[in-house]
Amino acid sequence: LWEAIQNSFRQSKSQVTFDTLIAPAKPLSLSQNQLEVEVPTKVHRDFWEKNLKAELKQYAKTVTNQEIEPHFVLEGEFDPYQNDRPAESNNFEMDTPLNPHYNFKTFVVGEGNKMAHAAAFAVAESPGGLYNPLFIYGGVGLGKTHLMEAIGNHMLQLNPTAKVKYVTSEEFTNDFIHSIQSNSTEKFREEYRNLDLLLIDDIQFLANKEGTQLEFFNTFNALHDNKKQIVMTSDRIPNEIPELQDRLVSRFRWGLTVEITPPDLETRIAILRSKVEEDHINIGNDTLNYIAGQIDTNIRELEGALTKVQAFSNLSQEPITPHLASQALRGLQRTTKTTITITSIQKNVADFYNITQSDIVGKKRVKQIVVPRQIAMYLSRELTDYSLPKIGKEFGGKDHTTVLHAIDKIEEELQTNNELQEQLNTLKAKLKA
Ligand code: ADP
Ligand code: MG
C-alpha cells in the first residue's frame with residue numbers, strides 16, 4: 001500500500017517536493033484503519049497534515065476500500081505516550097480525599113503568601129470567575145498544597161454536593177494511561193470534564209508527557225468553557241516548566257498566577273505558635289522564637305523541627321527551653337546566620353571601639369558610645385533574623401523606633417564615610433569567622 005501511495009504522489013507532485021518532503025516519510029504500522037507514518041521533522045509533519053493528508057486518505061480508500069486515518073509522528077516519537085509513566089495500581093475511580101487539616105483556618109497568612117492566600121480564598125468563594133485558572137507557584141514546603149486543598153474544603157463546605165477533585169499531575173497521568181489501557185477513556189473524560197473544581201498539584205511533572213498534556217489541554221478547555229474552576233500548583237512559573245506545550249502555557253495565563261515566597265521570621269513564629277496551640281504543646285515563646293530563627297528554609301522543616309524538639313524533651317524528660325531546643329536541633333543549624341547572635345555583635349563592636357558591652361546596651365549619650373551602639377544595632381538587623389522590637393529589647397529594652405533610627409543613621413553615614421564602611425567590613429568578617 002505504501003509503495004502505491006508513494007507512486008501516486010510521485011506523479012502528482014514535483015520532483016523536489018517528492019524528494020525532500022514525501023520520500024523521507026516511512027510507514028510504521030497499519031492496524032484497525034490507523035496508519036502511523038513516521039516523518040523526520042515538524043516541517044514534514046505540517047506538510048503532510050496540510051497538503052497530503054486528504055489525498056492520502058482518498059487514495060488509500062480507493063485502493064483498500066476502507067477509511068484509513070493517517071497519523072504523522074516525529075522520528076523517535078512513535079508512541080506519543082511513551083514518556084508517560086504507566087500506572088502501577090492506580091484506579092481512577094479512587095479519589096485522593098482532601099486533607100481536612102488543610103483549610104483556611106489553619107493557614108497562617110504572612111508577607112510571602114498573602115497574595116496567594118487572598119486569591120485562593122476568592123476562588124473558593126466564587127469559583128469559575130475572574131481567577132480561572134488559578135496558578136500557584138513557589139518552592140517546596142511553602143504551603144501550595146495546603147492552600148489548594150483549602151479551596152476544595154471551603155467549596156465543599158459551602159456546597160457539599162460540589163464535584164471536587166484533587167490529584168497530583170502524576171495521578172492525572174496514571175489515570176489517563178490506565179484509561180487507555182483499559183479502553184475506558186470515555187469514563188475518564190466523563191469524570192474529569194464534569195467537575196466543578198479540579199485541583200492539579202505539582203503540574204511541573206507533566207513536562208515531557210506529550211499525550212497527557214494533550215488530554216489535559218482538552219480537559220482544561222472543557223472545564224473552562226463551562227466556567228468550572230481549575231487550580232494548579234507548580235514549583236515554578238508556567239513558561240519555565242520544560243517541555244510544557246505553549247498552548248498550555250498560554251491557557252494558564254488566562255487567569256491569575258501568584259507566587260508564594262518563603263516566610264519571614266514573624267510568620268515562622270506565628271506558624272509555630274498556631275501549631276503549638278492546636279496541639280496543646282507546652283512551650284514558651286522564647287523557644288518558639290529560637291526554633292523559628294534556626295529554620296528559615298521551609299515550613300515543612302519548621303514543623304519537623306518542632307516535632308524534633310518535642311521528642312527530645314519527651315525522651316530526656318526535661319522541659320522545653322531554648323537550650324534544649326538548641327541541643328535537639330544541633331546539626332540542623334544554618335551556617336552563618338545562626339552563629340551570629342546579638343550578644344556576639346555587641347561584644348565585638350564594643351571591643352572594636354574600646355568600650356564595654358554594658359556601654360552598648362546602656363543609655364549614655366556621648367558620641368564615642370552612641371555611634372558604636374548604632375553600628376551594633378545596624379549589624380544586628382543585617383546579620384540576624386530578629387525583628388526590630390526584638391533587637392530593641394536586646395539593647396537594654398529600647399523601642400523599635402530607636403533601632404530604626406539607628407539603622408537609618410548608619411545607612412546615611414555610609415553614603416559618604418568610607419572609613420566607616422571599612423570598619424563595618426572588618427567587623428562583619430570577624431563575626432562571620
Ligand atoms: P508545598 O505543597 O508548597 O510543598 P505544603 O502545602 O505541603 O507545601 O506545606 C508543607 C507543610 O507546611 C504542611 O504541613 C502545611 O500545613 C504547612 N504550612 C505551609 N504553609 C503554612 C501556613 N501559611 N500556615 C500554616 N501551615 C502551613
Ligand atoms: Mg505540595
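Contact here means heavy atoms within 4.5 Å. Among contacts in the protein between residues at least 6 apart in sequence, those joining residues at least 24 apart make up 71%. The model is a predicted one.

## Overall make-up

The protein has 433 residues, and 45% of them are buried. Its secondary structure comes to 20 helices and eight strands. The accessible surface is about 22600 Å². Carbon and sulfur atoms account for 49% of that surface.

The strands discussed below belong to two open sheets. One has three strands. The other has five strands.

## The three-stranded sheet

The strand order is E1-E2-E3, and the pairing is mixed. Strands E1 (26–31) and E3 (69–74) stand at the edges. Each has a single partner strand, so one side of each lacks a neighbour in the sheet. Neighbouring strands are turned by 25 degrees against each other on average, direction ignored.

Strand E2 (residues 34–39) pairs with E3 in the parallel sense, and six bridges join the two. Within this sheet, Glu-36 stands opposite His-71 in E3. Helix H3 (residues 42–64) packs on the sheet and touches E2 and E3. The direction of H3 makes about 170 degrees with that of E3.

## The five-stranded sheet

Here the order is E5-E6-E7-E4-E8, with parallel pairing. The edge strands are E5 (164–168) and E8 (256–260), each of which pairs on one side only. From one strand to the next, the twist averages 15 degrees.

Strand E4 (residues 134–138) pairs in the parallel sense with strand E7 (residues 229–234). E4 also runs parallel to E8. Leu-134 has a partner on each of these strands: Val-231 stands opposite in E7, and Leu-256 stands opposite in E8.

The table sets out the parallel pairs by their bridges.

| Strand pair | Bridges | Sense |
|---|---|---|
| E2 and E3 | six bridges | parallel |
| E4 and E7 | four bridges | parallel |
| E4 and E8 | five bridges | parallel |

Helix H5 (residues 144–158) packs on the five-stranded sheet. H5 touches E4, E5, strand E6 (197–201), E7 and E8. The direction of H5 makes about 165 degrees with that of E6.

Which residues of E8 point to one face and are buried? They are Leu-256, Val-258 and Ile-260. Thr-257 and Glu-259 point to the other face and are not buried. The side chains thus alternate along this edge strand.

## Surface and loop details

Leu-1 lies in the segment before helix H1 (2–12). Its relative accessible area is 36%. Why does Leu-1 count as partly exposed? Partly exposed covers the range between under 20%, which is buried, and over 50%, which is exposed. Leu-1 is therefore partly exposed, at 36%. Leu-1 also joins Leu-30 and Val-63 in a nonpolar patch on the surface. Together the three residues have about 250 Å² of accessible area.

Thr-356 is found in the loop between helix H15 (342–352) and helix H16 (357–361). Thr-356 is partly exposed, with a relative accessible area of 40%. Thr-356 and Ile-369 are 13 residues apart in sequence. In space they are 9.2 Å apart, C-alpha to C-alpha.

Technical notes. Residues are numbered from 1 along each chain as its sequence is written. Chains are lettered from A and ligands numbered from 1 in the order in which they are written. This is a predicted model: local features need pLDDT of at least 70, side-chain atom pairs count only at pLDDT 80 or more; totals for chains, interfaces and linings use all residues. Side-chain values use heavy atoms; hydrogens and water are left out. Patches are made of residues with over 30% relative accessible area and no salt bridge: like charges are joined within 9 Å, nonpolar side chains (Val, Leu, Ile, Met, Phe, Trp, Tyr) within 5 Å. Accessible areas come from the Shrake-Rupley method with a 1.4 Å probe; for residues, only the protein chains shown count as cover. A salt bridge is a side-chain nitrogen of Lys or Arg within 4 Å of a carboxyl oxygen of Asp or Glu. Buried means under 20% relative accessible area, exposed over 50%, partly exposed in between (1.4 Å probe, protein chains only). Two strands pair if DSSP finds at least two bridges between them. Axes are lines fitted to C-alpha atoms, for helices over the stretch in contact, and angles run from 0 to 180 degrees between N-to-C directions.
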